[in-house]
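Here are some short exercises to work through with the model open in your viewer. Try each task first, then follow the solution step by step.

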Amino acid sequence: MVTKNQSKARSYFRFDNAAHIYPAIKNRKQPGVFRVSATLTDPIDPQVLRQALNKTMKRIPGFSVKLRKGLFWNYFIHSEDELPIQPDVLNPCMEITRKENDGFLLRVRYHQCRIALEIFHALADGSGAMIFLKTLVAEYLKQMGHPIPTGNGVLDCAESAKPEEMADSFRPFAGGAHILKREEPRAYQITGDPIPTHDVILTRGTVPVEDMRKLAKSLDASITEYLTAMLLYIINCQQMQAPPHRLLPVRVQVPVNLRAFFNTETLRNFSSFINVGLEPRLGDFTFEEIVCQVHNYLRYEVNEKLLRSRVAANLRTESIPFLRIVPLFLKTPMISLGYKLAGPNTFSSIISNLGNVEMPEEMEKHTQRFDFILGASNDTKVKCAVAGFKGNLSIIFTRSIKEADIERAFFTFLVEQGIPVEIESNQE
Amino acid sequence: MAYCVNCGVKLKADLKKCPLCDTDVIPPVSPPEESDCSGFPPQKHEPTASFDKDLWIKLISVITAAPALLTFAIDYLMGNGIDWSLYIIYALGLVWVWCASPFLFKRNIFPLWFAIDAAALIAFLFLVERTSKTGNWALPLAMPIALMVAASVFILVSTFRSKLVRQLQKPALIFILIAVLCPLIEVFVDLYRAQQYRPGWSVLVAIPCLAFAAILLILQRRQWIVDELRHWFRY
């Protein structure tokens with residue numbers, strides 16, 4: 001059980017390095033929200049979900065927080081309030097506002113057999129969110145009378161929270177590392193007719209993991225590398241169809257989970273990003289060439305030393321004395337402007353692969369599928385989120401434009417490679 | 001089970017059109033599959049109003065009323081009766097109308113609150129004329145100029161909102177309106193002062209404005225320039 005002293009000690013949380021940017025750039029068009037969801041075999045009982053959520057929030061107090069503005073920085077404050085659960089909606093990952101969500105930075109939704117967790121990125125990354133969701137689903141199943149053991153990302157709600165779970169791991173990982181100077185000129189941007197701000201178009205394709213693995217293996221690549229190469233190839237083809245005055249590099253941002261390189265139990269943000277791309281001005285690229293390039297680039301970049309250097313560069317920005325003494329109301333527009341000038345301009349799209357979702361066998365038999373969705377944003381018009389579960393790969397495209405050209409080309413490319421694709425969408 | 005004849009992908013049982021290419025799904029002969037409870041719900045997330053209208057009106061009322069009362073009290077207690085404080089009270093009243101008018105009604109009806117704003121400006125000018133006793137200038141001079149400026153702003157905002165103009169056409173339209181407005185203002189000023197119109201400063205403003213507008217309209221016809229500018233300025 002959580003003692004009073006422990007609870008007091010955890011009542012205030014400093015932002016981690018990645019979290020600083022999201023409150024500054026958050027708005028209706030850029031909500032900074034992503035979603036993980038689990039579809040069970042039986043319909044959800046909201047009362048039981050309510051109880052399970054209360055227990056999970058107590059077990060993971062780092063998620064039971066509200067955002068507060070300090071004089072110089074934002075911070076989280078622990079709250080004992082009850083997080084409301086909400087019915088699911090057609091347009092997920094909309095902005096989490098203080099008024100609508102009682103100040104909490106996550107939403108728990110349910111619909112038929114599905115439990116969904118929508119979370120503001122300042123709070124956690126995909127891995128942290130997935131552990132919260134798995135713990136919530138396990139607790140729900142326990143309350144429904146199914147014995148579910150812990151392990152594989154399922155935390156025991158009877159135990160008290162560990163301080164390491166809420167630790168900021170960026171500084172111990174990369175503090176003092178040498179910073180390599182990197183410059184990334186602007187990349188080609190996907191264009192199209194915008195849809196209304198509060199709409200989002202989701203297209204989900206399901207493909208067999210084993211077929212996908214064999215296909216990627218045929219070109220000596222991993223699934224992530226193959227899918228990234230596909231996205232690059234398709235975006236480049238789009239650029240070539242209506243070439244602009246000056247050809248621009250095509251880049252796709254790939255999040256990297258740093259937990260693989262540093263022993264940490266943190267559930268907060270602990271990931272970095274790598275922009276992998278191609279330069280069309282060098283000539284025509286075949287798909288095989290792009291796969292090879294992505295494979296080699298990721299192998300070169302994804303290693304502990306270079307990742308530490310990347311994280312150290314972000315930490316340095318946070319440590320600039322001028323930025324530290326500037327009050328928050330001035331700092332927020334500065335961060336927002338800095339992000340707009342240097343952030344989304346440098347990549348054309350994002351592909352985030354959460355990997356294969358693992359859980360105890362007893363829990364797996366009550367679960368049909370897991371989905372991962374990236375929230376829509378005005379800056380990056382098309383995003384792609386990938387998660388594998390029970391032999392199927394769920395590939396979900398999120399877009400904020402009417403044109404479905406990218407995902408159409410993506411899925412038909414897979415069909416042409418002999419991979420069966422099943423499609424569903426939230427379009428009415 | 002259905003497949004899109006165009007894309008070759010398998011489509012979920014409840015889809016009537018392929019989400020990728022909009023091709024109609026021909027209902028298959030086989031019976032529909034059982035739902036796996038994973039579909040999307042029909043209801044949408046409606047955004048909550050992040051702006052508290054009542055709070056804003058209360059705040060702006062206090063912010064304008066407090067200095068109005070203070071200046072009135074200073075003028076009344078320390079001066080020779082009520083004199084200069086009236087101008088400040090009129091100006092604060094105008095600020096209140098401009099800040100509060102968009103939020104006085106349940107629905108945001110732009111022409112309505114804009115008309116209220118314009119009427120408040122004209123009323124302010126008439127009140128200043130009457131209080132200052134500086135002659136008859138509000139009706140022949142201030143009101144036509146205020147109406148012209150209001151009409152120009154209304155045209156601009158309505159055109160921008162209706163998306164009739166795009167990208168570089170927007171600043172071009174602003175320059176054109178300035179080029180039209182300045183000579184008209186000069187006409188009214190000249191007629192009020194000397195009862196005859198003589199082109200002067202307004203021509204010097206109008207010519208560069210029209211030139212800028214022409215340049216922007218020419219650039220708009222080159223899409224690659226628009227794209228480059230859009231990337232530079234991220235609009």
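**Exercise 1. The contact between two domains**

Task: In this predicted model, find how much area is buried between domain 1 of chain B and domain 2 of chain B, and which atoms give most of it.

Solution:
- Step 1. Start with the total: about 1,100 Å² is buried between domain 1 of chain B and domain 2 of chain B. Carbon and sulfur atoms give 83% of that area.
- Step 2. Look for the residues behind it. F110(B), F114(B) and E129(B) supply 48% of the area that domain 1 of chain B buries against domain 2 of chain B, and no other three residues supply more.
- Step 3. Place the two parts. The domain assignment puts domain 1 of chain B at 52-133 and domain 2 of chain B at 136-221. In the contact, 11 residues come from domain 1 of chain B and 14 residues from domain 2 of chain B.
- Step 4. Add the spacing: 27 Å separates the C-alpha centres of domain 1 of chain B and domain 2 of chain B.

**Exercise 2. A helix checked by its span**

Task: Compare the span of helix 3 of chain B with the value expected at 1.5 Å a residue, then find which helices its buried residues pack against.

Solution:
- Step 1. Helix 3 of chain B covers residues 110-132, which is 23 residues, and the expected span is 33 Å. Its end C-alpha atoms are 33 Å apart, so expectation and model agree.
- Step 2. Pick out the buried residues, using the cut-off of under 20% relative accessible area. Among them are F110(B), W113(B), F114(B), D117(B), L125(B) and E129(B).
- Step 3. Think about spacing along a helix. Residues three or four places apart point the same way, because an α-helix has 3.6 residues a turn.
- Step 4. Find the partners: the buried residues of helix 3 of chain B pack against helix 2 (85-100) and helix 4 (138-162) of chain B.
- Step 5. See what comes next. K133(B) follows helix 3 of chain B and has a positive phi, near 55°.

Now repeat the check on helix 1 of chain B. With 26 residues (53-78), helix 1 of chain B reaches 37 Å from its first C-alpha to its last, close to the 38 Å expected. Its buried residues are I57(B), I60(B), T64(B), A68(B), T71(B) and D75(B), and helix 2 of chain B is included in what covers them.

**Exercise 3. Two positive phi values**

Task: Where do D220(A) and Q195(B) lie, and are they buried or exposed?

Solution:
- Step 1. Recall the background: most residues other than glycine have a negative phi.
- Step 2. Take D220(A), whose phi is positive at about 60° although it is not a glycine. D220(A) sits in the loop between helix 6 (209-217) and helix 7 (223-241) of chain A. Its relative accessible area is 60%, so D220(A) is exposed.
- Step 3. Take Q195(B), with a positive phi near 60°. Q195(B) is in the loop between helix 5 (169-194) and helix 6 of chain B. At 61% relative accessibility, Q195(B) counts as exposed.

**Exercise 4. A tryptophan in a helix**

Task: Which residues does W201(B) contact, leaving aside neighbours within four places in sequence?

Solution:
- Step 1. Locate W201(B) in helix 6 (residues 201-220) of chain B.
- Step 2. Its contacts are C182(B), I185(B) and E186(B).
- Step 3. Check one distance: the C-alpha atoms of W201(B) and E186(B) are 7.9 Å apart, with their positions 15 residues apart along the chain.
- Step 4. Classify W201(B): its relative accessibility is 43%, so it counts as partly exposed.

**Exercise 5. Strand pairing in chain A**

Task: How do strand 10 and strand 11 of chain A each pair with strand 9 of chain A?

Solution:
- Step 1. Strand 9 (residues 250-257) of chain A is mostly covered, with six of its eight residues buried.
- Step 2. Eight bridges link strand 9 of chain A to strand 10 (residues 271-278) of chain A in the antiparallel sense. P255(A) has F273(A) as its bridge partner in strand 10 of chain A.
- Step 3. Strand 9 of chain A runs parallel to strand 11 (residues 349-356) of chain A, joined by two bridges. Here V252(A) is partnered by S349(A).

Terms used:
Residues numbered from 1 in each chain as written. Chains lettered and ligands numbered in written order. Predicted model: local features only at pLDDT ≥ 70, side-chain atom pairs only at ≥ 80, totals over all residues. Heavy atoms only, no water. Helix = DSSP H or I, 4+ residues; strand = E, 2+ residues; numbered from the N terminus. Expected span 1.5 Å × (residues − 1). Buried < 20%, exposed > 50% of the residue type's maximum accessible area, 1.4 Å probe, protein only. Contact = heavy atoms within 4.5 Å. Domains from an automatic or database assignment. Buried area = accessible area lost by both parts, 1.4 Å probe. Pairing = 2+ DSSP bridges.
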